[in-house]
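Me: I have a structure open and want to learn to read it feature by feature. Can you walk me through it?

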There are 2 protein chains.
Amino acid sequence: MLPNQSGAVNPARPLSVPPSFRSASLATVTTLDPKRRKGGTDALDALISLVEPELRDVNDIILKRMHSPVELIPQLAGYIVAGGGKRLRPVLTLAAAKLCGAQGGREKALAACVEFIHTATLLHDDVVDESDLRRGQASANAVFGNKSSVLVGDFLFARAFQVMVEDGSLDVLRILSNASAVISEGEVLQLTTSNDTETSEEAYLEVIKAKTAELFAAACRIGAVVANRPAAEEDALRSYGLNLGISFQLVDDVLDYSAVQARLGKTIGDDFREGKITLPVVLAFRRGSEEERGFWRRTMEEMEQQDGDLERAIELMVKHNALRDSVERARHYGAVARDALGLFPNSPVKRALLDVIDFVVDRDF
Amino acid sequence: MLPNQSGAVNPARPLSVPPSFRSASLATVTTLDPKRRKGGTDALDALISLVEPELRDVNDIILKRMHSPVELIPQLAGYIVAGGGKRLRPVLTLAAAKLCGAQGGREKALAACVEFIHTATLLHDDVVDESDLRRGQASANAVFGNKSSVLVGDFLFARAFQVMVEDGSLDVLRILSNASAVISEGEVLQLTTSNDTETSEEAYLEVIKAKTAELFAAACRIGAVVANRPAAEEDALRSYGLNLGISFQLVDDVLDYSAVQARLGKTIGDDFREGKITLPVVLAFRRGSEEERGFWRRTMEEMEQQDGDLERAIELMVKHNALRDSVERARHYGAVARDALGLFPNSPVKRALLDVIDFVVDRDF
């Protein structure tokens with residue numbers, strides 16, 4: 001650990017990206033040259049439109065089942081559940097079920113369970129990370145308090161299991177209880193790698209597999225389970241979801257240093273301010289000079305941050321192609337996800353699931 | 001709301017009970033005249049000894065199943081799970097199963113699930129309440145941090161559901177997912193009654209039923225489920241657990257103002273410092289003069305607390321018999337719990353379950 005090299009230090013204060021930086025690094029920081037983009041919002045919208053009636057039912061189930069006589073629960077849950085997001089995970093459950101030819105509609109209640117578990121982890125993550133913004137709104141814990149967020153997260157988690165019990169499939173209960181345990185393990189593992197600039201790429205991957213990709217995997221796999229498809233298809237959908245989820249988190253971690261995000265008015269630098277070691281940091285640290293490593297140690301281990309540090313971090317990432325190569329890693333997992341669907345015959349929903357891979361890798365929002 | 005009447009104010013600082021107060025009010029504050037006590041630790045020890053071999057297996061299951069490759073999880077979980085407590089809830093599951101003549105030992109893994117869920121709620125409760133002491137040790141969140149406590153609680157909760165899925169009973173999954181949802185509703189409800197001195201006895205009861213008694217009820221009911229007993233016995237054990245749990249929490253809330261607790265070196269006044277409205281406050285407020293109500297509003301609504309306030313609170317409770325009558329309410333629920341077991345034939349385990357009611361009502365620790 002290097003001694004504190006900084007003068008005035010205020011790690012808690014959000015660092016804003018100056019306009020000059022935003023425009024200058026727009027093309028470099030993200031690899032989101034419009035000509036390269038195959039996915040974009042259109043790909044996700046196309047997938048959503050294929051499951052639109054079912055998704056409407058899922059939304060109704062979500063609203064109905066997050067009800068409680070304790071008013072604060074639907075208030076707070078509604079703030080985050082109903083408050084936005086693309087419902088990517090429940091959409092994946094619905095699409096996977098459609099891909100497998102599921103009949104009977106069980107996937108709708110189970111898609112709601114997936115969203116409840118996701119929301120519970122968001123609420124608990126917001127509490128512990130003290131992040132102020134989630135989807136551009138003030139996070140639930142900033143509005144309602146940490147205490148409420150923890151408890152309402154617990155309620156949604158329990159409610160998900162109640163709904164699964166009503167569905168009555170021990171297979172689904174197994175998949176989602178396993179996923180829930182792995183997610184919390186991933187979150188704890190992330191804590192223990194926090195502020196360690198020597199975190200390896202493998203350790204980082206293990207964290208994002210557990211905390212993010214496992215729920216994507218479960219969401220997709222459930223589609224095959226409700227359709228009573230053979231194990232090979234269950235495995236294929238699990239693999240698709242897992243690799244898509246890894247891609248998704250990799251790109252999410254890149255976007256936290258993205259000038260496009262800053263330009264869209266979204267907060268960037270949350271991970272930096274928290275000392276969260278993501279792949280862009282892992283790569284920039286390993287590719288950096290000893291002086292640069294000192295910078296990373298000071299800012300992300302000793303948490304001695306000052307004005308201009310976030311900008312310097314992004315400059316170092318750009319210099320070492322850490323953001324570009326993180327997106328390339330995401331592209332690799334996207335390719336694996338693509339091949340996982342190989343054994344399914346062509347169909348509109350299969351095409352849409354494949355296009356969503358490009359959306360996940362190339363999105364800039 | 002009255003204006004702030006206090007001078008120096010430091011609500012965060014724990015108030016200590018002066019030795020003179022401790023000895024003077026020992027007999028008055030608690031109703032624990034040794035001559036009246038039928039229960040005591042002996043009653044709980046007697047129950048434990050009846051299920052001792054099974055409880056040893058439960059402890060092994062707990063240690064084995066709280067394992068994770070993420071080392072912080074068993075470390076932190078072990079701190080609280082293995083760290084002490086009488087394992088009252090799993091003991092109740094084992095005893096109820098024995099009362100029902102269960103064979104096959106399924107109740108042991110399920111008793112571990114009950115303890116995991118209980119531990120998860122403790123971890124989350126410690127986070128949100130910022131309490132410093134739990135069973136006389138520093139609370140897990142004081143040692144490991146809030147973030148870890150939330151996430152390890154999530155892990156234990158998910159692990160409980162994994163173990164239930166392995167057991168394979170949808171009935172048990174239903175009972176414990178329902179209980180988990182109700183517990184979190186109770187905790188949220190408690191938040192919304194916090195700092196409201198006009199909380200009614202009914203509202204208070206609703207909170208403790210949900211946050212405490214529901215898990216006691218589920219723990220006992222599972223004993224009948226694994227033994228495939230008729231609904232009437234399931235209901236009887238649920239009722240026993242529910243009413244025992246209400247008693248338990250009532251007495252717990254009395255003990256937070258107990259001089260005996262203070263003498264034993266335990267922290268008292270946690271609820272007072274948090275502005276948590278428990279039955280002793282409800283009764284003292286309703287029975288108090290307008291000047292006294294002003295005191296309660298200042299200290300528990302406006303949270304303007306100063307040296308001597310905890311002592312005054314206890315004096316007012318003693319003056320209005322609020323502590324004594326709260327224990328009398330606990331005795332009432334204990335009587336209901338007693339009758340719930342009426343339809344079971346006499347046996348050593350039935351006698352022990354009945355004696356535990358006295359332990360719960362008359363304990364001073």
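Reply: We will go from the overall fold to cavities, packing, single residues and backbone angles. Keep in mind that this is a predicted model.

Me: Let's begin with chain A. How many helices and strands are there in chain A?

Reply: Chain A has 19 helices and two strands. The chain runs to 365 residues, and 61% of them are buried. Look at contact range too. Among contacts in chain A with a separation of 6 or more, 78% join residues 24 or more positions apart.

Me: Next, the core. Which residues have the most contacts inside the largest nonpolar core?

Reply: The general idea is this. In soluble globular proteins, nonpolar side chains tend to be buried together. Here, the largest nonpolar core has 242 residues. Those with the most contacts inside it are Tyr240(A), Trp296(A), Tyr240(B) and Trp296(B).

Me: What does Tyr240(A) touch, not counting residues up to four places away in sequence?

Reply: Its partners include Leu92(A), Cys220(A), Ala337(A) and Ala340(A). Leu341(A), Leu353(A), Val356(A) and Ile357(A) are touched as well.

Me: Now the empty space. How many cavities of 30 Å³ or more are there in the whole structure?

Reply: A search finds nine. The largest holds about 150 Å³ of space. Its lining has 15 residues, and the closest to its centre are Thr121(A), His124(A), Phe157(A), Ile183(A) and Asp154(B).

Me: Which helices supply at least two residues each to that lining, the one around the largest cavity?

Reply: From chain A, they are H7 (106–129), H9 (146–167) and H10 (170–193). From chain B, it is H8 (146–167). H7(A) gives the largest share, five residues. Check the chemistry as well: the lining has six nonpolar, five polar and four charged residues.

Me: What is the volume of the second largest cavity, and which residues are closest to its centre?

Reply: Its volume is about 130 Å³. There are 13 lining residues, and the closest to the centre are Asp154(A), Thr121(B), His124(B), Phe157(B) and Ser180(B). H9 of chain A supplies at least two lining residues, as do H6 (106–129), H8 and H9 (170–193) of chain B. By type, the lining divides into six nonpolar, four polar and three charged.

Me: How do I check a helix? Take H18(A).

Reply: Compare its expected span with the model. H18(A) has 19 residues and should span 27 Å at 1.5 Å a residue; its end C-alpha atoms are 27 Å apart, so the two agree. Then see which residues are buried. An α-helix has 3.6 residues a turn, so residues three or four places apart point the same way. In H18(A), the buried residues include Ala322(A), Ser326(A), Ala330(A), Tyr333(A), Ala337(A) and Ala340(A).

Me: Is Ser326(A) of that helix buried or exposed?

Reply: Ser326(A) counts as buried because its relative accessibility is 0%. The residue sits in H18 of chain A, residues 322–340. Beyond its sequence neighbours within four places, Ser326(A) is in contact with Leu250(A), Val254(A), Leu279(A), Pro280(A) and Leu283(A). Val251(A) is 75 residues apart from Ser326(A) along the chain, yet their C-alpha atoms are separated by 7.3 Å.

Me: How many residues of H14(B) are buried?

Reply: Seven of its nine, which leaves this helix mostly covered. Leu279(B), Pro280(B) and Phe285(B) are among them. The buried residues of H14(B) pack against H10 (201–226), H11, H15 (290–301), H16 (309–319) and H17 (322–340) of chain B.

Me: And where is Ser200(A)?

Reply: Ser200(A) is in the loop between H10 and H11 (201–226) of chain A. With a relative accessible area of 22%, Ser200(A) is partly exposed, because the buried class stops under 20%. Leaving out residues up to four places away, Ser200(A) touches Val282(A) and Arg286(A).

Me: Last, backbone angles. What is the phi of Met303(A)?

Reply: Most residues other than glycine have a negative phi. Met303(A) has a positive phi of about 55°. Met303(A) lies in the loop between H16 (290–301) and H17 (309–319) of chain A. In chain B, Met303(B) has a positive phi near 55°, and the loop there runs between H15 and H16.

Conventions. Residues numbered from 1 in each chain as written. Chains lettered and ligands numbered in written order. Predicted model: local features only at pLDDT ≥ 70, side-chain atom pairs only at ≥ 80, totals over all residues. Heavy atoms only, no water. 1 Å grid on protein atoms, 1.4 Å probe; cavity = no way out; pocket = protein on both sides within 12 Å on 5 of 7 lines; lining within 4 Å. Points joined across faces, edges and corners; volume = space filled by probe spheres on them. Helix = DSSP H or I, 4+ residues; strand = E, 2+ residues; numbered from the N terminus. Nonpolar A, V, L, I, M, F, W, Y, C, P; charged D, E, K, R; others polar. Core = buried A, V, L, I, M, F, W, Y, C linked by side-chain atoms within 4.5 Å. Buried < 20%, exposed > 50% of the residue type's maximum accessible area, 1.4 Å probe, protein only. Contact = heavy atoms within 4.5 Å. Expected span 1.5 Å × (residues − 1).
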